[in-house]
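Let's take a walk through this model together, going from the sheet to the core. Keep the structure open beside the text as you read.

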Amino acid sequence: MPKLTIVNRAGDEKSVDARAGVSVMEVIRDNGFDELLALCGGCCSCATCHVYVDEEWTGVVGAAGEDENDLLDSSDHRGERSRLSCQIMMTADLDGLRVAIAPQD
Ligand code: FES
């Protein structure tokens, strides 16, 4: 089972098991990180699931899609490593992925 490391807003991190085919947002929520609001439930319409992907993983995770990109533009905290975690599906290739929860807008 791929591992995902999550860093919360306080800088604390935790590595958790993540089933392949489940979004990074769902893994974060299922592991008790309630600071990730994910208000739209993963429909790519709220941007409250914003995370920063560790630099070494950005190439593997890939770029944001068009809708995701537009939503990220609405965030004051957008950076080069920004992604919406509901749009990243866990796969075996992402074993060891590390993401940090972005500040709340
Ligand atoms: S949960 Fe709303 S955009 Fe990701």
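## From the sheet to the core

A good place to begin is strand E1, residues 3-7, which pairs with E2 in the antiparallel sense over five bridges. Please keep in mind throughout that this is a predicted model. If you would like one bridge to look at, take Thr5, whose partner in E2 is Ser15.

Now step back to the whole sheet. Five strands make it up, and it is open, with the order E2-E1-E5-E3-E4 and mixed pairing. At its edges lie strand E2 (13-17) and strand E4 (82-84), each of which pairs on one side only. From one strand to the next, the twist averages 35°.

Let's move on to strand E5, residues 97-101, where you will find Val99. Is Val99 buried or exposed? Its relative accessibility is 0%, so Val99 counts as buried, the cut-off for that being under 20%. Setting aside residues up to four places away in sequence, Val99 touches Leu4, Thr5, Ile6 and Val7, then Val24 and Ile28, and finally Val51, Tyr52 and Val53. You can also locate Val99 relative to Ser82: the two are 17 residues apart in sequence, and their C-alpha atoms are 9.6 Å apart in space.

Val99 leads us to the largest nonpolar core, which has 29 residues; Leu4, Val24, Ile28, Met90, Leu97 and Val99 are the ones that touch the most other members. E1, helix H1 (24-30), strand E3 (50-53), helix H3 (66-72) and E5 each supply at least two residues of this core. The largest share, four residues, comes from H1. Leu4 is worth a look here too: not counting residues up to four places away in sequence, Leu4 touches Lys14, Ser15, Val16 and Ala18, along with Val24, Val27, Ile28, Met90, Leu97 and Val99.

For the last stop, go to strand E4, the place of Arg83. With a relative accessible area of 7%, Arg83 is buried. What does the side chain of Arg83 make a polar contact with? The partner is the side chain of Glu68, at 2.6 Å. Leaving aside neighbours within four places in sequence, the residues in contact with Arg83 include Cys49, His50, Val51 and Val53, as well as Val61, Gly62, Ala63, Ala64, Glu68, Leu72 and Ile88.

Terms used. Residues are numbered from 1 along each chain as its sequence is written. This is a predicted model: local features need pLDDT of at least 70, side-chain atom pairs count only at pLDDT 80 or more; totals for chains, interfaces and linings use all residues. Side-chain values use heavy atoms; hydrogens and water are left out. Two strands pair if DSSP finds at least two bridges between them. Axes are lines fitted to C-alpha atoms, for helices over the stretch in contact, and angles run from 0 to 180 degrees between N-to-C directions. Buried means under 20% relative accessible area, exposed over 50%, partly exposed in between (1.4 Å probe, protein chains only). A polar contact is a pair of N or O atoms within 3.5 Å; within protein, one must be able to donate a hydrogen and the other to accept it, and residues adjacent in sequence count only if both atoms are side-chain atoms. Contact means heavy atoms within 4.5 Å. A nonpolar core is a set of buried Ala, Val, Leu, Ile, Met, Phe, Trp, Tyr and Cys residues joined through side-chain atoms within 4.5 Å.
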